[in-house]
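Reader: I would like to understand the labels people put on side-chain contacts. Could you take me through some of them, with the reasoning spelled out?

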Amino acid sequence: MSEIVRVQEILSKLWNLKIASKNCLNLVTIISTVAYDPSFETNGSFKDFVSRLLARRDIYRIRKFSLKLRSMEFDSAKYNLVNDCVRNVLIRGVLDLELDINVDEDYTLPCEVFTCKKVVKLKLGSGFIIDNIPKDALLPALKTLFLDKVRFNDKIGGCAFTRLVSACPVLEELVIYRNNREDWDWDCTVSSKILKRLTIRREDWGDLDGSSYESISFDTPSLEYFEYFDVLRDEYPVVNLMSLVEAKLKLPLFMDGDTYDVKNLIKGLKNVQSLSFGALDTMQLFYIFREAVPVFENLLHLSLTTEAAFCWDVLPILLEKSPNLETLTIEALHYTTQEDTVCECLEGYSFLSSCHIEVLKITQFEGDIGEMVQIKHILEKLPSLELLEIHGKARGDEKKLQIMLDLLMLERASSECKVQVKFPVCVAST
C-alpha cells in the first residue's frame, strides 16, 4: 500500500513540474535571429533599428545577433548608439554574436563583449582596432572566435591578442582573416592548450614583393585542424602541433633576397593524417627544405596542386617519407614537351614500385597523349593500387569514349586495380 502512495506522490510532483515549466516558457520569449544589414532597405535607419531593439522588454532572449555597418560616417554619438545596441543584446543572453563594423580606427568595442558569460560564437570585423582587453576579460562559454580583418594594438601594455585568447577557457576554433599589408602589434604567437581548429588566411597576395615578415609561433598541442594560407615568415621558432589530423597549406614562394626559414613548420607537421598543398609554391618550398621533411608515419591522404609543366621533384621525397600513405590526389599529370617521354624529375617512376598507395585521384584530365603516357607508367609501377579515379574534362561523347577505351587497354601492376572515370555529367568505370 505504501508503494502505491509513493508512486502517487512522484506523479503529483512530475505534474507540478510540468505546470511550472509551462509557466516559465510563458515568461520568456526566445528570438532565433535578429540582424541589421543596411544593404536591405527594409531594415530602415540604424537609429530606428536600435530604438526598436531597446524597446523590447527583458523577457525577450536572442539566440543570434548580426550587425553589419558599412562605410558610414560615425561620430561619438553614433558610436554610443552602436555600443548601446551591443550591450542590450548581450543582456538578452545572445549565443551567436556577429559584429561586422567597418568604421574608423578610433572605434572601441564595449568592454562587455569581452566579459560575456553566454556567447558561444563570436565574429568580429572588419575595420577597427582592438587595443584594450579589460583585466577581468572572461568568455567562459566561447567555443568559436572569428577575427575578420580586425587588428590588435595594445596601448596599455602586453599583448591584446594573447589576452583575448587566454580569456577563452573552452575555445575550440579560431579563424583569422587578414589583409595583405595588415600589421598587428602583438607577440607573434598563437598559444592555446585546448584549441582544436585554427584557420589563418591572407586575403590577397597580388602585390607581395618578397620582403621580410615577422616570425610566428604555434604553441597549440591539441590542434587537430590547421588551415594556413599566409606569407612566409622569417622563422617559426615554436611549432607544437603534436595532435594534428588535417593540414591545408598555401604559401607563396619568393626567390630573391629572402631569408625565411620554414624548417620548424615542416617538421611540426609530422603527425598529420591528411595533408593538402593549395599552391605550386608550397610543393617547391618542401623541395627547397627537403632535408627537414620528417617521416609522416600517420599520413594517409596527400593532396597536391600541380600543373602539366611543373616538375614533381618533391613527389618522390614525400612518398618515401609517407610509408603508410593510402590516397594520393593530384590536379594534373606532369609531362614534358616530348609527350611520349617521362621527365627526369620522376626517374621513370621507379620510386612508385615500393609505394603502398591504394587510391590515386587525378582531378584534371583531358586525355592527351602526354597524360596517357604518364598513366601507363604509373599503372605499371603501383603494386597495391586498388582504384585509379580520373576526373575528366573532355567534351563530346566521342572523346569521352576514346578516353575510356585507352584506359581500358593499359596494363596494371595490381590485378585488383579498377579505373573509374568521372565526367561532369556522368560516371563510367572499367
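Author: Happily! Let us start with a definition: a salt bridge is a side-chain nitrogen of Lys or Arg within 4 Å of a carboxyl oxygen of Asp or Glu. Please keep in mind that this is a predicted model.

Reader: What makes E227 and R201 a salt bridge?

Author: Their closest N and O atoms are 2.4 Å apart. The cut-off is within 4 Å, so the pair counts as a salt bridge. This contact links distant parts of the chain, with E227 in strand 12 (residues 225-229) and R201 in strand 10 (residues 197-202), 26 residues apart.

Reader: Is E227 buried or exposed, and how do you know?

Author: E227 has a relative accessible area of 7%. Buried means under 20%, so E227 is buried. R201 has 30%, and since partly exposed covers what lies between 20% and 50%, R201 is called partly exposed.

Reader: How many salt bridges does the structure hold?

Author: There are 15. Some of them share partners, and these join R202, E214, D230 and R233 into one network.

Reader: Why is the contact of D84 with R87 called a salt bridge?

Author: The N to O distance between these side chains is 3.6 Å. That is within 4 Å, so the name applies. Both residues lie in helix 3 (residues 76-91), three residues apart, about one turn of the helix. An α-helix has 3.6 residues a turn, so residues three or four places apart point the same way. As for accessibility, D84 is partly exposed at 36%, and R87 is partly exposed at 31%.

Reader: What makes E380 and K376 a salt bridge?

Author: Here the closest N and O atoms are 2.9 Å apart, which is within 4 Å, so the pair qualifies. E380 and K376 both belong to helix 8 (residues 369-381) and are four residues apart, about one turn of the helix. E380 is partly exposed, at 30%, and K376 is partly exposed, at 36%.

Reader: Which residues of helix 2 are buried, and how do you know that they share a side?

Author: In helix 2 (residues 46-55), the buried residues named are F46, F49, V50 and L53. They cover an arc of only 95° around the axis, so they are on the same side of helix 2. On the other side, K47 and A55 are exposed.

Reader: Let us turn to the rings. Why is the pair of F146 and Y177 called edge-to-face?

Author: A pair of aromatic rings is described by the distance of the centres and the angle of the planes. For F146 and Y177 the centres are 5.0 Å apart, and there are 75° between the planes. Pairing needs centres within 6.5 Å and edge-to-face needs over 60 degrees, so both conditions are met. The two rings come from distant parts of the chain: F146 is in strand 6 (residues 144-148) and Y177 in strand 8 (residues 173-178), 31 residues apart. F146 is buried at 17%, whereas Y177 is partly exposed at 28%.

Reader: And what makes F218 and Y236 a stacked pair?

Author: There are 20° between their planes, and under 30 degrees counts as stacked, so that is the label. The pair ties together parts that are 18 residues apart in sequence, because F218 lies in strand 11 (residues 217-219) and Y236 in the loop between strand 12 and strand 13 (239-240). F218 and Y236 are both buried. Together with F226 and Y228 they form one aromatic cluster. A search of the whole structure finds eleven aromatic pairs.

Reader: Where does the charged end of K123 sit?

Author: The charged end of K123 sits over the ring of F146, 4.7 Å from the ring's centre. K250 lies over the face of F229, at 5.9 Å from the ring centre.

Reader: One last topic: what makes strand 11 and strand 13 a pair?

Author: Two bridges join them, and they run parallel. Pairing needs at least two bridges, so strand 11 and strand 13 meet the requirement. In strand 13, N240 is the bridge partner of D219. The open sheet has three strands in the order 9-11-13, with parallel pairing. Strand 9 (189-191) and strand 13 are the edge strands, each pairing on one side only.

Conventions. Residues are numbered from 1 along each chain as its sequence is written. This is a predicted model: local features need pLDDT of at least 70, side-chain atom pairs count only at pLDDT 80 or more; totals for chains, interfaces and linings use all residues. Side-chain values use heavy atoms; hydrogens and water are left out. Buried means under 20% relative accessible area, exposed over 50%, partly exposed in between (1.4 Å probe, protein chains only). The arc is that of the directions from the helix axis to the C-beta atoms. Rings of Phe, Tyr and Trp (its six-membered ring) pair if their centres lie within 6.5 Å; planes under 30 degrees apart count as stacked, over 60 as edge-to-face and the rest as tilted. A charge sits over a ring if NZ of Lys or CZ of Arg is within 6 Å of the ring centre and within 35 degrees of the ring normal.
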